[in-house]
Amino acid sequence: MINLIKKQSPARIISLGFASLILIGSILLSLPCSIKDGVNLKYIDALYTSASAVCVTGLISVDVGDTFTTLGQFFVAMLIQFGGLGVTTMGVGIILVFGKKVSIKGRTLIRETLNTDSGSGLIKLIRRIFIVTIFFEVLGAILSFLVFLKDYPVSDALKISIFHSIAAFNNSGFDILGNYQSLIPYQNNYFLNAVTCILIFFGGIGFLVMYDMWKTRFCLKKLSMHSKVVLSVSIVLILLGALLIKFTENISWLGSFFTSVSARTAGFATYPIGKFTRPGLLVLSVLMFIGASPGSTGGGIKTSTFFVLLCAIKSAATNETEKAFRYSVPKDAFRKAAVITLLAIGVIILGAYIMMIFEPNIAFDDVLFEVTSAFGTVGLSTGITPTLCVGSKLLSIFIMYIGRIGPLTVATLWHFSRGDRVSFPDGNISVG
């Protein structure tokens, strides 16, 4: 069995790792010690919660705070941590803790997981990822504790703070406050909103960007092209999203800003999403679709993919070469970006079509928003998640899984060919 796994491609091993973790998590969450007394938890809901945690989504069919014991909530937090950092990254980290060496196959898996072309310095990068993660999550827990301590006993405030920090940095919209309320009770708490936004932002820009910022001592001019693209697109999307949300919704500027940050991939809510207008839901859907950045804890088509598409459109309109930040955009980048975007649109359209068949009584815009949230591994919902039938929950699990490992990765899982053996002359196709 082990030899068979070793022969598989890195993409298949990573995909199998995530699927195995989801199944293991569902079993752990189904244990009597994980469920509160008097709560009847169906296996499909345990599976859904596990998948949502591993895929760092945050969509919930049952409330984590009301359903699971402290041990069960610990399992959810660990599933979020493994899912956010990646199964491979966590596995390599455990290997390093025990002083073992990482094989060439393991290094290849790391490169695939972190979406980096360079194979040098991967082990050092893994160590830095763990250091950065611990730093942000510990700092986030301490700062959050100062807020939750005002409303909860010390032990409960500590538990909530640690869980919240892990969920926020890993861009997963889970909470254990109970009653499906997310962060609505703290919609006017500037401090907690700011702490949460910072955790979401740094978790969503990717570890490669954070390392680049640290290496260049936060000098913008010295940053790589990738880092400049990620930071610029992320900031523009957050500000533009906040502005558009404020125009369509009767909420505060703080709420608009927080919702814009959270909609990128986190899924926390300080206002009921079900009460948003259709224009507001459309803005959120676009933000969820674009998502976070490569090598991060978030989903979506990624900010760099969106940027490459914009560069290609500009190039086609102006008949100029694709360039940005005094660099030329790689020629094959547009092809990959276009494929990822089309696959993502296909997954959402097909997913929404099937879910509407399963759920004929749910409005189209609610279904489309739910599917987009699942694909973007965001976790925002208009409130229909707990009411979904078993078929819709299984479909949502599959969409979250695709969104976490990437649609292009899923597409390559079935590729067995070793390359074309016959070449053909170029043909003519009229485009546009």
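**Note on the predicted model**

1. Leucine 243 lies in helix 12. The model is predicted, and the points below should be read with that in mind. At 34% relative accessibility, leucine 243 counts as partly exposed, because that class covers values between the 20% limit for buried and the 50% limit for exposed.

2. Leu243 is one of the residues that form a nonpolar surface patch of about 610 Å². The other members are Val236, Leu240, Leu244, Phe247 and Trp253. Helix 12, which spans residues 225-248, gives the largest share of this patch, with 5 residues.

3. For the surface as a whole, the protein exposes about 21300 Å². Carbon and sulfur atoms supply 66% of that area.

4. The protein has 432 residues, and buried residues make up 54% of them. Its secondary structure comprises 19 helices and 2 strands. Among contacts with a separation of 6 or more, 70% are between residues 24 or more positions apart.

5. Phenylalanine 75 is an example of a buried residue. Its place is in helix 5, residues 70-85. The relative accessible area of phenylalanine 75 is 15%, so it falls under the 20% limit for buried residues.

6. Which residues does phenylalanine 75 contact, leaving aside its neighbours within four places in sequence? They are Leu28, Leu29 and Ser34. A further distance concerns alanine 53, which is 22 residues from phenylalanine 75 along the chain. The C-alpha atoms of these two residues are separated by 9.5 Å.

7. Aspartate 212 belongs to helix 11, which runs over residues 207-215. This aspartate is buried and yet has no salt bridge. Lysine 215 is the nearest side chain of opposite charge, 4.3 Å away. That distance does not qualify as a salt bridge, because the nitrogen and the carboxyl oxygen must be within 4 Å.

8. What does the side chain of aspartate 212 join through a polar contact? The partner is the side chain of serine 227, at 2.6 Å. Serine 227 also appears in the list of residues in contact with aspartate 212 once neighbours within four places in sequence are left aside, together with Leu223 and Ser224.

9. In brief, two buried residues have been described here: phenylalanine 75, at 15% relative accessible area, and aspartate 212, without a salt bridge. Leucine 243, by contrast, is partly exposed and takes part in the nonpolar patch.

Terms used. Residues are numbered from 1 along each chain as its sequence is written. This is a predicted model: local features need pLDDT of at least 70, side-chain atom pairs count only at pLDDT 80 or more; totals for chains, interfaces and linings use all residues. Side-chain values use heavy atoms; hydrogens and water are left out. Helices (H or I, at least four residues) and strands (E, at least two) are DSSP runs, numbered from the N terminus. Buried means under 20% relative accessible area, exposed over 50%, partly exposed in between (1.4 Å probe, protein chains only). Contact means heavy atoms within 4.5 Å. Accessible areas come from the Shrake-Rupley method with a 1.4 Å probe; for residues, only the protein chains shown count as cover. Patches are made of residues with over 30% relative accessible area and no salt bridge: like charges are joined within 9 Å, nonpolar side chains (Val, Leu, Ile, Met, Phe, Trp, Tyr) within 5 Å. Lys and Arg count as positive and Asp and Glu as negative; His and the chain ends are not counted. A polar contact is a pair of N or O atoms within 3.5 Å; within protein, one must be able to donate a hydrogen and the other to accept it, and residues adjacent in sequence count only if both atoms are side-chain atoms.
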